[in-house]
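The following exercises concern local geometry and packing in a single protein chain. Each task is followed by a solution worked out step by step.

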Amino acid sequence: MRHYARRRGCGGGSVAVLAHILHAYAGAGDEVIFAWRSFEAYPILSAIAGAQAVRVPLDADARHDLDAMAAAVTDRTKVILVCSPNNPTGPAVHTGEFADFMSRVPSHVVVVLDEAYGEYSRDPQAVRGAELLAQHPNLLVLRTFSKAYGLAGMRVGYAVGAPALLAPIRAVVTPFSITEPAQSAAIASLDAVDELLDRVDVTARERERVLAGVRELGWRAPDSDGNFVWLPAGDQTADVVAALGALSTPILVRPFVGEGVRITIGTPDENGALLAALPKPADA
């Protein structure tokens with residue numbers, strides 16, 4: 001624990017920590033590469049830092065195309081963001097492909113492995129960032145207490161990496177950005193690991209049930225390692241959201257208009273209601 005404590009940088013949620021990373025390492029004239037679609041804050045935070053966002057399309061299975069991302073690196077590239085499991089589509093990046101990717105990225109480019117949903121991962125091939133830090137001094141692993149730990153409103157996140165890589169980030173962190181109640185809640189949650197794991201296990205099992213159910217309806221949903229399932233609804237996205245929202249007890253999902261719908265996994269009863277009400281794809 002002491003070893004890793006010297007290698008962490010904390011902030012008001014992982015989004016804030018990422019903003020500090022980009023502020024420290026990217027600016028006007030620089031490029032930030034990430035997959036798309038991925039976490040919607042990536043282009044926003046890149047623009048705030050003054051950098052140009054370089055979006056690399058996901059592959060046909062809604063996964064990161066790491067070959068294309070490596071090929072997109074230029075002399076202006078300063079930071080690459082890799083989201084695993086990917087929000088909002090769900091698939092995790094695999095260890096082997098990530099190792100090959102890192103071998104192709106110049107050592108001066110900072111790679112951020114965003115594992116905000118890492119606790120939910122059950123894919124045995126999924127990359128585990130903490131295990132790779134010693135091999136890659138340009139790697140930062142981003143984690144949060146907002147998802148599996150249930151502390152979204154408390155805003156506690158952190159980055160793990162080499163001390164030399166963290167030093168410029170700590171220099172730009174907003175002072176007093178983590179409140180005392182948030183610190184106390186995060187520390188208390190670390191003492192409730194068994195409860196956390198039980199809760200995550202239930203979510204993972206329900207995720208597989210929901211994934212099987214939406215596929216039975218005809219949706220071509222990709223594998224997911226997060227606490228959500230992605231429907232590539234395309235032009236049908238608005239119709240799906242409207243149908244679920246018009247129920248006597250509305251079901252709220254996260255739409256990405258023209259692209260798809262992210263369904264967050266709820267309780268077994270909530271998930272059952274979703275599957276009973278979810279429209280079939282137009283081409284089913």
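Helices (H or I, at least four residues) and strands (E, at least two) are DSSP runs, numbered from the N terminus. This is a predicted model, in which local features need pLDDT of at least 70 and side-chain atom pairs count only at pLDDT 80 or more, while totals for chains, interfaces and linings use all residues. Residues are numbered from 1 along each chain as its sequence is written, and side-chain values use heavy atoms, with hydrogens and water left out.

**Exercise 1. Backbone exceptions**

Locate Ala62 and Arg155, and state the phi value and burial class of Ala62 and of Arg155.

Solution.
Step 1. Most residues other than glycine have a negative phi, and most peptide bonds are trans.
Step 2. Ala62 belongs to the loop between β3 (52-57) and α4 (66-71). Its phi is near 65 degrees, a positive value in a residue other than glycine.
Step 3. The burial classes are as follows: buried means under 20% relative accessible area, exposed over 50%, and partly exposed in between (1.4 Å probe, protein chains only). Ala62 has a relative accessibility of 12% and therefore counts as buried.
Step 4. Arg155 is placed in the loop between β6 and β7. Arg155 is not a glycine, yet its phi is positive, at about 65 degrees. Because its relative accessibility is 32%, Arg155 counts as partly exposed.

**Exercise 2. Cis peptide bonds**

Which residue does a cis peptide bond join to Pro85, and which to Pro88?

Solution.
Step 1. Ser84 and Pro85 are joined by a cis peptide bond with omega of about -5 degrees.
Step 2. Asn87 and Pro88 are likewise joined by a cis peptide bond; here omega is about 20 degrees.
Step 3. Pro85 is located in the loop between β4 (77-83) and α5 (95-104), and Pro88 is found in the loop between β4 and α5.

**Exercise 3. Val15 and the packing of α2 with α3**

Describe the surroundings of Val15, then the geometry of α2 and α3.

Solution.
Step 1. Val15 is part of helix α2 (residues 14-25). With a relative accessible area of 27%, Val15 is partly exposed.
Step 2. Contact means heavy atoms within 4.5 Å. Apart from neighbours within four places in sequence, Val15 is in contact with Phe39, Leu45 and Arg155. Val15 and Leu45 are 30 residues apart in sequence, with a C-alpha to C-alpha distance of 8.6 Å.
Step 3. Axes are lines fitted to C-alpha atoms, for helices over the stretch in contact, and angles run from 0 to 180 degrees between N-to-C directions. The axes of α2 and helix α3 (residues 41-49) come within 9 Å and cross at roughly 40 degrees.
Step 4. Angles under 35 degrees count as roughly parallel, over 145 as roughly antiparallel, 65 to 115 as roughly perpendicular and the rest as oblique. The helices α2 and α3 are therefore oblique to each other.
Step 5. The residues that meet are Val15, Leu18, Ala19, Leu22 and His23 in α2 and Tyr42, Leu45, Ser46 and Ala49 in α3.

**Exercise 4. Asn271 and the packing of α8 with α10**

Is Asn271 buried or exposed, and how are α8 and α10 oriented?

Solution.
Step 1. Asn271 lies within helix α10 (residues 268-277). Its relative accessible area is 3%, so Asn271 is buried.
Step 2. Beyond neighbours within four places in sequence, Asn271 is in contact with Glu206, Arg209, Val210, Ile265 and Gly266.
Step 3. The axes of helix α8 (residues 193-216) and α10 are 10 Å apart, and the two pack at an angle of about 10 degrees. This makes α8 roughly parallel to α10.
Step 4. From α8, Glu206, Arg209, Val210, Gly213 and Val214 meet Pro268, Asn271, Gly272, Leu274 and Leu275 in α10.

**Exercise 5. Aromatic pairs around Phe145**

How many aromatic pairs does the structure hold, and what is the geometry of the pair of Phe145 and Tyr149?

Solution.
Step 1. Rings of Phe, Tyr and Trp (its six-membered ring) pair if their centres lie within 6.5 Å; planes under 30 degrees apart count as stacked, over 60 as edge-to-face and the rest as tilted.
Step 2. The structure holds eight aromatic pairs. One of them, Phe145 with Tyr149, is tilted, at 4.7 Å centre to centre and 50 degrees between the planes. Phe145 and Tyr149 are both buried.
Step 3. Phe145 also forms a tilted pair with Tyr158, at 6.1 Å centre to centre and 55 degrees between the planes. This pair links distant parts of the chain, 13 residues apart: Phe145 in the loop between β6 (139-144) and β7 (157-160), and Tyr158 in strand β7.
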